[in-house]
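Here is a friendly walk through some structural labels and the reasoning behind them. Have a look at the structure first, and then follow the questions one by one.

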Amino acid sequence: MAKKKISKTEAIRLAEKIGVNFNKDFHSQSFGVELAALAKLVGYKKPKNANGSTGRYFFNYLQRFKK
C-alpha cells in the first residue's frame, strides 16, 4: 500500500498552523525540523547539490509556491 501524500497547499496550511511565517526569513524562525517532516509528507526532496537543510529548502519551495 502506497503512502498517502499531502498537497503543497495542505503543507502550507499546516506550516502556518504551527506558526511558520512565510513573510519572515527562515533563519529568524525555528521550524526546521517541523518543515523537514512536512517535506517528507509531501514527498519533497532537496537538490543533490544543496548546501543547506531540507527544512530550509522546503521553506523556500513553499514560499515560492505561495506567491
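**How the labels are earned**

Q: Why is L62 called buried?
A: L62 has a relative accessible area of 0%. Buried means under 20%, so L62 earns the label. Keep in mind that this is a predicted model.

Q: Where does L62 lie, and which residue is 8.3 Å from L62 in space, C-alpha to C-alpha?
A: L62 is part of helix α3. The residue is F22, which is 40 residues away from L62 in sequence.

Q: What makes H27 exposed?
A: The relative accessibility of H27 is 56%. Exposed means over 50%, so H27 counts as exposed. You will find H27 in the loop between α1 and α2. The C-alpha atoms of H27 and L62 are 15 Å apart in space, and the two residues are 35 apart in sequence.

Q: Why is Q29 called buried?
A: Q29 sits in the loop between α1 and α2. Its relative accessibility is 15%, and the cut-off for buried is under 20%, so Q29 counts as buried.

Q: How do you know that the side chain of Q29 reaches the backbone oxygen of N21?
A: The distance for this pair is 2.8 Å. A polar contact needs N or O atoms within 3.5 Å, and 2.8 Å fits that limit.

Q: What makes G52 buried or exposed?
A: With a relative accessible area of 15%, G52 meets the limit of under 20%, so G52 is buried. G52 belongs to the loop between α2 and α3. Between the C-alpha atoms of G52 and F31 there are 14 Å, and these residues are 21 apart along the chain.

Q: Why is I18 called partly exposed?
A: I18 has a relative accessible area of 39%. Buried is under 20% and exposed is over 50%, with partly exposed in between, so I18 is partly exposed. I18 is in helix α1, and its C-alpha atom is separated by 8.5 Å from that of E34, 16 residues apart along the chain.

Q: How do you know that E10 and R13 meet in a salt bridge?
A: Start with the general idea: side chains of opposite charge can pair when their charged atoms come close. For E10 and R13, the N to O distance is 2.7 Å. A salt bridge needs these atoms within 4 Å, so the pair qualifies. Both residues lie in helix α1, 3 residues apart, which is about one turn of the helix.

Q: What makes E10 and R13 partly exposed?
A: E10 has 27% relative accessibility, and R13 has 42%. Partly exposed is the range between under 20% and over 50%, so E10 belongs there, and so does R13.

Q: Why is the pair of K66 and E16 called a salt bridge?
A: Their side chains meet at 2.2 Å, N to O, and the limit is within 4 Å, so the name fits. K66 is in helix α3 and E16 in helix α1, so the pair ties together parts that are 50 residues apart in sequence.

Q: How many salt bridges does a search of the whole structure find?
A: The search finds 2 salt bridges.

Q: What makes K5 exposed, and which residues gather with K5 in a patch of positive charge?
A: K5 has a relative accessible area of 54%, and exposed means over 50%, so K5 is exposed. K5 is found in the segment before α1. K40, K45 and K48 gather with K5 in the patch on the surface. Lys counts as positive, so the charge of this patch is called positive.

Technical notes
Residues are numbered from 1 along each chain as its sequence is written. This is a predicted model: local features need pLDDT of at least 70, side-chain atom pairs count only at pLDDT 80 or more; totals for chains, interfaces and linings use all residues. Side-chain values use heavy atoms; hydrogens and water are left out. Patches are made of residues with over 30% relative accessible area and no salt bridge: like charges are joined within 9 Å, nonpolar side chains (Val, Leu, Ile, Met, Phe, Trp, Tyr) within 5 Å. Accessible areas come from the Shrake-Rupley method with a 1.4 Å probe; for residues, only the protein chains shown count as cover. The place of a charge is taken as NZ of Lys, CZ of Arg, CG of Asp or CD of Glu. Helices (H or I, at least four residues) and strands (E, at least two) are DSSP runs, numbered from the N terminus. Buried means under 20% relative accessible area, exposed over 50%, partly exposed in between (1.4 Å probe, protein chains only). A polar contact is a pair of N or O atoms within 3.5 Å; within protein, one must be able to donate a hydrogen and the other to accept it, and residues adjacent in sequence count only if both atoms are side-chain atoms.
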